[in-house]
Amino acid sequence: MSVNHKACSLKHNNNSNIYNNAYADNITNSNISIENVFSYDDVLKLSRLCGYEPYFDEYTADDLIQLAAFSSDSHSLVGFISCLKPELNNTTGNIPDNITIEITAMVAPEYRRQHIFIRLFQALINTISSISDSHNNCNKNSKINNNNIRYIASIKDNFIDSSNAGTINIKYAYSDYLMSLHNTQEYTEATALYSLPDTLELLKYDDEYQLVSNATDELISSVAFDIFDTHICIHDVWTAPDMRKCGYARHLLSEFIKDWKNKSNYHKLPLILHVSGTNIPAVNLYRAEGFTIAEEIKYYTLNLNNLI
């Protein structure tokens, strides 16, 4: 699958906002067909042409909804839209209310401003609406309330401020951050750290630091990391729910940073991590440890009332 789900970088590159690659303006193109069967290689070629990597896989992938736009004359791939397939409620067979779905899309440069994105988005909405109808336990007479589904996408500020954005009502939702820490930055070991209680043991592995209970071997907190040629990615910073607000995650993170600076063979590589701006405690934790925001991607809600 071409989607990288590891939190080692922002999901899309600097040019990868949905309106930069998929915005449709004032010219309607009826010579376009929307289909759910396509060539993986064709999507890859379009991705390279647009400088954008959407969520995509083979068209048979079960975890994605993927739709392709083809020109009717040459049947060449000119547009693409996708999202992770939402999970159904096990009891009702419906899509849960108030769910958020992130969409990714792109349109070939020579086919932009022809409402292809709008048509793809409408087709995606219709597909999502029909998902629960195919569920064995679903009431066939039930309808998905699309007003309870929030669709989001990353959009650049210049498109928000331009008159081109008038076709779709968009509203800022949240930001994702790529944060980094370099060995040249000043770093002061956290003064709030204290000796661990005797009931906990610090374990250091090649790809994870852990705090475990001496009595039960239960995992209390962990910080995982992957080492690449150009950077070290920190991810899956976790603490057991009933053990939070005790400083354990910060203790592990500080211990890892101290080892990285003083003992690691990889001390010249920067540390990076990905965090949602909605996770304020995590952002504050990383700032306290010296991380700074290296890149921001803003996400906006697309108002369905203007699309359907």
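Which residue in strand 12 is the bridge partner of Ile152? In this predicted model, that partner is Thr301, and the pairing belongs to a sheet that is described below together with the helices packed on it and the largest pocket.

## The sheet

The sheet is open and has 12 strands, which follow the order 1-2-3-4-5-12-6-11-10-9-8-7 with mixed pairing. Its edges are formed by strand 1 (32-35) and strand 7 (200-204), each of which pairs on one side only. On average, and with direction ignored, neighbouring strands of this sheet are turned by 25° against each other.

Strands of a sheet pair through backbone hydrogen bonds, and this pairing can be either parallel or antiparallel.

## Strand 12 and its neighbours

Strand 12 (residues 292-302) pairs with strand 5 (residues 149-154) in the antiparallel sense, over 4 bridges. Besides the bridge that joins Ile152 to Thr301, there is one in which Ser154 has Tyr299 of strand 12 as its partner.

Strand 12 also pairs with strand 6, again in the antiparallel sense, and here the pairing extends over 10 bridges. Asp176 stands opposite Ile297 of strand 12.

## Around Ser276

Ser276 is found in strand 11. When residues up to four places away in sequence are not counted, Ser276 touches Tyr174, Ser175, Asp176 and Val283, so that Asp176, which stands opposite Ile297 in strand 12, appears again here as a contact of Ser276. The C-alpha atom of Ser276 is separated by 9.8 Å from that of Glu296, a residue 20 places further apart along the chain.

## Helices on the sheet

Helix 3 (residues 116-131) lies across strand 1, strand 2 (64-71), strand 3 (77-84), strand 4 (99-107), strand 5 and strand 12, and it runs at about 145° to strand 2. Helix 6, for its part, packs on the sheet by touching strand 6 (170-181), strand 10, strand 11 and strand 12, and the direction of helix 6 makes about 160° with that of strand 11.

Helix 6 (residues 280-288) also packs with helix 5 (residues 248-262), at an angle of about 35° and with the two axes 11 Å apart. Helix 5 passes helix 6 in a right-handed crossing, where Ala249, Arg250 and Leu253 of helix 5 meet Leu285, Tyr286 and Ala288 of helix 6. Sorted by class, this contact has 5 nonpolar residues, no polar residues and 1 charged residue.

## The largest pocket

Rolling a probe the size of a water molecule over the atoms shows where empty space is left. In this model, the largest pocket holds about 630 Å³ of space, and of the 24 residues that line it, the closest to its centre are Val237, Ala249, Asn279, Ala282 and Leu285. Among these, Ala249 and Leu285 also take part in the contact of helix 5 with helix 6.

Strand 10 (232-239), helix 5, strand 11 (271-276) and helix 6 each supply at least two residues of the lining, and strand 10 gives the most, with 6 residues. By class, the residues of the lining divide into 14 nonpolar, 6 polar and 4 charged.

Conventions:
Residues are numbered from 1 along each chain as its sequence is written. This is a predicted model: local features need pLDDT of at least 70, side-chain atom pairs count only at pLDDT 80 or more; totals for chains, interfaces and linings use all residues. Side-chain values use heavy atoms; hydrogens and water are left out. Axes are lines fitted to C-alpha atoms, for helices over the stretch in contact, and angles run from 0 to 180 degrees between N-to-C directions. A crossing is left-handed if the near helix is turned anticlockwise from the far one by less than a right angle, and right-handed if clockwise. Contact means heavy atoms within 4.5 Å. Ala, Val, Leu, Ile, Met, Phe, Trp, Tyr, Cys and Pro count as nonpolar, Asp, Glu, Lys and Arg as charged, and the others, Gly among them, as polar. On a 1 Å grid over the protein atoms alone, a cavity is a set of points where a 1.4 Å probe fits but cannot get out, and a pocket is an open set with protein on both sides within 12 Å along at least five of seven lines; lining residues have an atom within 4 Å of a point. Grid points are joined across faces, edges and corners, and a volume is the space filled by probe spheres set on the points. Two strands pair if DSSP finds at least two bridges between them.
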